[in-house]
Amino acid sequence: ASGVRYKISSGNIDNLFTISNATGALYVAKALDYEKIKKYELRLTASDNFQENYTTVLINVRDVNDNPPVFEKSSYRTQITEEDDRGLPKRVLRVSVC
């Protein structure tokens, strides 16, 4: 419908979302952070200058692991015997990340 204007009327925390006022296309404007907010509830308004209508858009953010791997210890220490070369390769130690 031409002449209809769209806007986000509430729920747009930190202006993370934007809407095309002419087409109603909704966009993510900034990076989302699942650790901060997991769910958004936007209220959208459509207006033709005479009447308005409203709808609610629920957006669930899916988590991705965006943190680098971190070693469980900052340093590891082990000891091996110089001339013991039987059964190579031989495990020296095991490191792991959390």
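**Exercise 1.** Over residues 4-71, what share of the chain is helix, what share is strand, and how far apart are the end C-alpha atoms?

*Solution.* The model is predicted.
Step 1: Locate the stretch. The UniProt record, an unreviewed entry, places the feature "domain: Cadherin" at residues 4-71.
Step 2: Read off the composition. Residues 4-71 are 0% helix and 44% strand.
Step 3: Take the two ends. Their C-alpha atoms lie 55 Å apart.

**Exercise 2.** List the secondary structure elements of the protein from the N terminus on.

*Solution.*
Step 1: Count each type. There are zero helices and five strands in the protein.
Step 2: Put them in order. Starting at the N terminus, the elements run β-β-β-β-β.

**Exercise 3.** Set the radius of gyration of the protein against that of a compact globule of 98 residues.

*Solution.*
Step 1: Find the reference value. For a compact globule of 98 residues, the radius of gyration would be near 13 Å.
Step 2: Find the value for this model. The protein has 27 Å.
Step 3: Add the dimensions. The C-alpha trace spans about 90 × 20 × 15 Å along its principal axes.

**Exercise 4.** Describe burial, surface and charge in the protein.

*Solution.*
Step 1: Apply the cut-off for burial, under 20% relative accessible area. Buried residues account for 14% of the 98 residues.
Step 2: Turn to the surface. About 8,600 Å² is accessible, and carbon and sulfur atoms contribute 48% of that area.
Step 3: Count the charges. The protein carries 14 positive and 13 negative side chains. The centres of these two sets are 3 Å apart.

Note on methods
Residues numbered from 1 in each chain as written. Predicted model: local features only at pLDDT ≥ 70, side-chain atom pairs only at ≥ 80, totals over all residues. Heavy atoms only, no water. UniProt positions renumbered as here; feature names shortened; annotations may be inferred. Helix = DSSP H or I, 4+ residues; strand = E, 2+ residues; numbered from the N terminus. Rg over C-alpha atoms; globule rule 2.2 N^0.38 Å. Buried < 20%, exposed > 50% of the residue type's maximum accessible area, 1.4 Å probe, protein only. Areas by Shrake-Rupley, 256 points an atom, 1.4 Å probe, with all protein chains shown as cover. Lys, Arg positive; Asp, Glu negative; His and termini not counted. Charge placed at Lys NZ, Arg CZ, Asp CG, Glu CD.
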